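Me: I'd like to learn how to read the features of a model like this one. Could you walk me through it, idea first and case second?

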Amino acid sequence: MQRRTLVGHIARVAVGLLLMATALPPMQLKVMNSFVLMPVFLGVAVIFLPALLWLIRRLCGRYARPVLRLLAAVCIMVLGWLLVSFGVIFAHSFGEVPPQDATVVVLGAKVQGKVPTIDLMGRIDAAGTYLRAHPRAFCIATGGKGPEEAITEAESIRDTLMWRHGIDPSRIAMDDTSTNTMQNLHNARTIIRKKGLSTHVALVSDGFHLYRAGIIARRKGLTPYGVPADTDWRLQGYLYLREIFALPKTLLFDR
């Protein structure tokens with residue numbers, strides 16, 4: 001019995017430390033926010049689980065058992081939602097082949113000064129590869145200017161496509177006012193209508209983002225075909241977690 005208890009303690013501490021270690025890769029890229037720290041807090045809770053259970057029993061007294069059952073049920077429901085959401089998002093992360101007349105829409109991501117972040121550079125490279133392979137395709141670069149950005153995300157996309165991939169600027173239109181995915185696609189639809197472009201869109205973004213972006217695109221009257229960009233492995237966990245928490249908002253509110 002003691003050996004089994006010791007093994008359980010070691011396993012719990014190991015799981016907690018692994019969860020906390022998930023923050024190290026994004027921190028290498030100087031990414032620090034609540035989604036990066038969420039597994040850290042969970043890891044601490046797992047390590048100190050016996051102390052937390054003792055505290056709940058002390059605070060709740062005779063109601064401790066139903067409270068613990070309720071907490072266990074909530075944890076199981078949340079875990080189930082996380083797993084199902086991850087499965088759906090992952091299944092749609094591989095993209096599909098757009099038709100020849102598709103309009104390329106590059107979804108914006110953060111710019112550091114005037115330099116694309118690793119995340120945005122992956123999207124630009126995926127768009128550049130597609131545009132070189134489809135010389136008649138027209139591109140819409142999306143994304144406005146945030147407080148820490150010297151230029152708009154759309155400008156960064158256009159300029160990098162020009163110097164890095166040799167794309168003629170006449171093939172690129174810019175939406176330089178949007179601040180999120182819904183606005184990206186709303187403004188892209190406006191440009192598509194004004195220019196008489198195809199509503200079949202080669203939607204360029206990270207694989208984890210394609211499912212949610214596709215939902216919004218269809219609600220905007222577009223037919224999306226995902227073109228996945230390479231995502232730095234150090235950001236995969238944090239970005240998938242962020243996307244899972246963004247999904248309910250999109251399903252309920254983004255129109």
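Me: Let's start with aromatic rings. Which residues form one aromatic cluster here?

Reply: Happy to! Bear in mind that this is a predicted model. The cluster is made of F86, F90, F94, F208 and Y240. Across the structure there are six aromatic pairs. One of them joins F90 and F94, with 5.2 Å from centre to centre and 80° between the planes, an edge-to-face arrangement.

Me: Are F90 and F94 buried, partly exposed or exposed?

Reply: The idea is to look at relative accessible area: under 20% is buried, over 50% is exposed, and partly exposed is in between. F90 has 39%, so F90 is partly exposed. F94 has 56%, so F94 is exposed.

Me: Now S93, please. Where does S93 lie?

Reply: S93 sits in the loop that runs between α5 (64-91) and β1 (103-106). Its relative accessibility is 9%, which means that S93 counts as buried.

Me: What is S93 in contact with, once its neighbours within four places in sequence are left aside?

Reply: The list is G207, F208, L210, P228 and Y240. Among these, F208 and Y240 should ring a bell: both belong to the aromatic cluster. F90, another member of that cluster, has its backbone oxygen 2.6 Å from a polar atom of the S93 side chain. It also helps to compare sequence with space: S93 and V227 are 134 residues apart in sequence, yet their C-alpha atoms are 8.9 Å apart.

Me: On to the sheet. In what order do the five strands come?

Reply: For a sheet, read off the order of the strands and then the sense of the pairing. Here the order is β5-β4-β1-β6-β7, in an open sheet with parallel pairing. The edges are β5 (172-175) and β7 (223-229), each of which pairs on one side only. On average, neighbouring strands are turned by 25° against each other, with direction ignored.

Me: How many bridges join β4 and β5?

Reply: Four bridges, in the parallel sense, with β4 covering residues 139-142. To see one residue pairing, take I140, whose bridge partner in β5 is A173.

Me: Which strands do helices α7 and α8 lie across?

Reply: Helix α7 (residues 153-165) lies across β1, β4 and β5, and runs at about 135° to β4. Helix α8 (residues 181-195) lies across β1, β4, β5 and β6 (200-206), and runs at about 135° to β5.

Me: What about charges? How many salt bridges does a search of the whole structure find?

Reply: The general idea is that side chains of opposite charge can pair when their charged atoms come close. The search finds eight salt bridges. One of them is between the side chains of D206 and R123, at 2.7 Å from N to O. D206 is in strand β6 and R123 in helix α6 (residues 118-133), so this pair ties together parts that are 83 residues apart in sequence. Both residues, D206 and R123, are buried.

Me: And which residue does R164 form a salt bridge with?

Reply: The partner is D125, with 2.7 Å between the closest N and O atoms. This pair also links distant parts of the chain: R164 belongs to helix α7 and D125 to helix α6, 39 residues apart. R164 is partly exposed, because its relative accessible area is 40%. D125, at 22%, counts as partly exposed too.

Me: Let's take one more pair, K249 and D254. How far apart are N and O there?

Reply: In that salt bridge the N to O distance is 2.9 Å. K249 has a relative accessible area of 47%, so K249 is partly exposed. D254, at 5% relative accessibility, counts as buried. Salt bridges can also share partners, and in this structure they join D119, R123 and D206 into one network.

Me: Last stop: T117. Is T117 buried or exposed?

Reply: T117 has a relative accessible area of 13%, so T117 is buried. Its place is in the loop between β3 (115-116) and α6. Leaving aside neighbours within four places in sequence, T117 is in contact with K110, V111 and Q112.

Definitions and conventions: Residues are numbered from 1 along each chain as its sequence is written. This is a predicted model: local features need pLDDT of at least 70, side-chain atom pairs count only at pLDDT 80 or more; totals for chains, interfaces and linings use all residues. Side-chain values use heavy atoms; hydrogens and water are left out. Helices (H or I, at least four residues) and strands (E, at least two) are DSSP runs, numbered from the N terminus. Buried means under 20% relative accessible area, exposed over 50%, partly exposed in between (1.4 Å probe, protein chains only). Contact means heavy atoms within 4.5 Å. A polar contact is a pair of N or O atoms within 3.5 Å; within protein, one must be able to donate a hydrogen and the other to accept it, and residues adjacent in sequence count only if both atoms are side-chain atoms. Two strands pair if DSSP finds at least two bridges between them. Axes are lines fitted to C-alpha atoms, for helices over the stretch in contact, and angles run from 0 to 180 degrees between N-to-C directions. A salt bridge is a side-chain nitrogen of Lys or Arg within 4 Å of a carboxyl oxygen of Asp or Glu. Rings of Phe, Tyr and Trp (its six-membered ring) pair if their centres lie within 6.5 Å; planes under 30 degrees apart count as stacked, over 60 as edge-to-face and the rest as tilted.
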